[in-house]
Amino acid sequence: MLIDTHAHLYLEQFDDDRPAVLRRARDAGVETIVMPAIDVPSIQQAVDLCEEHDGLYAMAALHPSETDEATDEDFDAVREWCDHPSIVAVGESGLDYYWDRSFDDRQQAFFRRHIRLAIAADLPLVIHNREATDDILDILEEERARTDHPDRMRGILHCYVDPPEVAERAWALGFYLGVGGIMTFSNSEVDTYVEDVPLDHLVVETDSPYLAPEPNRGDRNEPAYVRHVADQLARIKDVPVEEVERTTTENARAIYDLPAR
């Protein structure tokens, strides 16, 4: 069995066949899917799906790209959602320096607010990182040093694509690494980076509907394809895929505090 630790099932790309997508996931052995939020409406959408289908869980946060126009009221709504039983993490928050560098200060301010919220709510934090690795880790270290509850800092560095020294720094802060479709790409170095990361520091994800793995690269991604990620990880580690399934599932259950199914 597998857990897809990061999939946006509420997006319109799944509106025409969402039940079929969930059936294919079950058929592929995906027992649980965790949905990150990108804005306040998406939290409601994800929670609604949790209430309609078994094995789904949600997060609450504002994606860094949304923070340019986000308000205090938006963040207050995120905070209130953290009390909902379907919410198992604060996410996805973080920094994205790829598209627009004009509001870095706002991104960083909201990232710190999300870190502090995760610590206060005693929830894991799921981090979006695009071309901002050093700032993300620096901010995490600063926030860990300032809090009275450093033991509560934990989570997942989603869409991991960095070299092993980043993995060590993230793990020291309590963060697992989420690996997905990019690891399967022939023009990616992520497979060589992951080779040096212990399996018990990793979880698997799809980021559906984005970043479909080989052999489905270029198509709409879906949770069933996390099976390809697990297969590739088993090849990289030269271990049976059953070991990847068992370890990454145990890791995901531990970080999200999920019940066994």
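The exercises below work through a predicted model of one protein chain, each followed by its solution.

Residues are numbered from 1 along each chain as its sequence is written. In this predicted model, local features need pLDDT of at least 70 and side-chain atom pairs count only at pLDDT 80 or more, while totals for chains, interfaces and linings use all residues, and side-chain values use heavy atoms, with hydrogens and water left out.

**Exercise 1. Describe the overall build of the protein chain: which elements does it have, and how compact is it?**

Step 1. Start with the secondary structure. The protein chain has nine helices and eight strands. Both are DSSP runs numbered from the N terminus: helices are H or I with at least four residues, strands are E with at least two.

Step 2. Turn to the radius of gyration, which is taken over C-alpha atoms. For the protein chain it is 17 Å, close to the 18 Å that the globule rule gives for 261 residues, so the chain is as compact as a globular protein of that length. The globule rule is 2.2 Å times the number of residues to the power 0.38.

Step 3. Add the dimensions. The C-alpha trace spans about 45 × 40 × 35 Å along its principal axes.

Step 4. Look at contacts, meaning heavy atoms within 4.5 Å. Of those between residues at least 6 apart in sequence, 71% join residues at least 24 apart.

**Exercise 2. Characterise the surface and the charges: what share of the residues is buried, and how many side chains are positive and negative?**

Step 1. Fix the classes. Buried means under 20% relative accessible area, exposed over 50%, and partly exposed in between (1.4 Å probe, protein chains only). By this scale 58% of the 261 residues count as buried.

Step 2. Take the area. The chain exposes about 11200 Å², and carbon and sulfur atoms supply 43% of it. Accessible areas come from the Shrake-Rupley method with a 1.4 Å probe; for residues, only the protein chains shown count as cover.

Step 3. Count charges. Lys and Arg count as positive, Asp and Glu as negative, and His and the chain ends are not counted. There are 24 positive and 56 negative side chains, and the centres of the two sets lie 3 Å apart. Each charge is placed at NZ of Lys, CZ of Arg, CG of Asp or CD of Glu.

**Exercise 3. What is the geometry of the aromatic pair formed by tyrosine 98 and tryptophan 99?**

Step 1. Search the whole structure; three aromatic pairs are found. Rings of Phe, Tyr and Trp (its six-membered ring) pair if their centres lie within 6.5 Å; planes under 30 degrees apart count as stacked, over 60 as edge-to-face and the rest as tilted.

Step 2. Apply this to the pair. Tyrosine 98 and tryptophan 99 lie 4.8 Å centre to centre with 85 degrees between the planes, an edge-to-face pair.

Step 3. Check accessibility. Tyrosine 98 is partly exposed at 40%, and tryptophan 99 is exposed at 63%.

**Exercise 4. Examine the loop between β8 (202-204) and α8 (226-237): where are its cis peptide bonds, and what is the phi of aspartate 207?**

Step 1. Find the cis bonds. One joins serine 208 and proline 209, with omega about 10 degrees; proline 209 is in this loop. Another joins glutamate 214 and proline 215, also with omega about 10 degrees, and proline 215 lies in the loop too.

Step 2. Inspect the backbone of aspartate 207, which the loop also holds. Its phi is near 60 degrees, a positive value in a residue other than glycine. Aspartate 207 is buried, with a relative accessible area of 10%.

Step 3. Add arginine 217, found in this loop. At 37% relative accessibility, arginine 217 is partly exposed. Leaving out residues up to four places away in sequence, arginine 217 touches Phe185, Asn187 and Ala212.

**Exercise 5. Is alanine 89 buried or exposed, and which residues does it touch?**

Step 1. Locate alanine 89: strand β4, residues 87-96.

Step 2. Read its accessibility. Alanine 89 is buried, at 0% relative accessible area.

Step 3. List its neighbours, not counting residues up to four places away in sequence. Alanine 89 touches Ala58, Met59, Ala60, Leu123, Pro124, Val126 and Tyr256. The C-alpha atoms of alanine 89 and valine 126 are 6.9 Å apart, with their positions 37 residues apart in sequence numbering.
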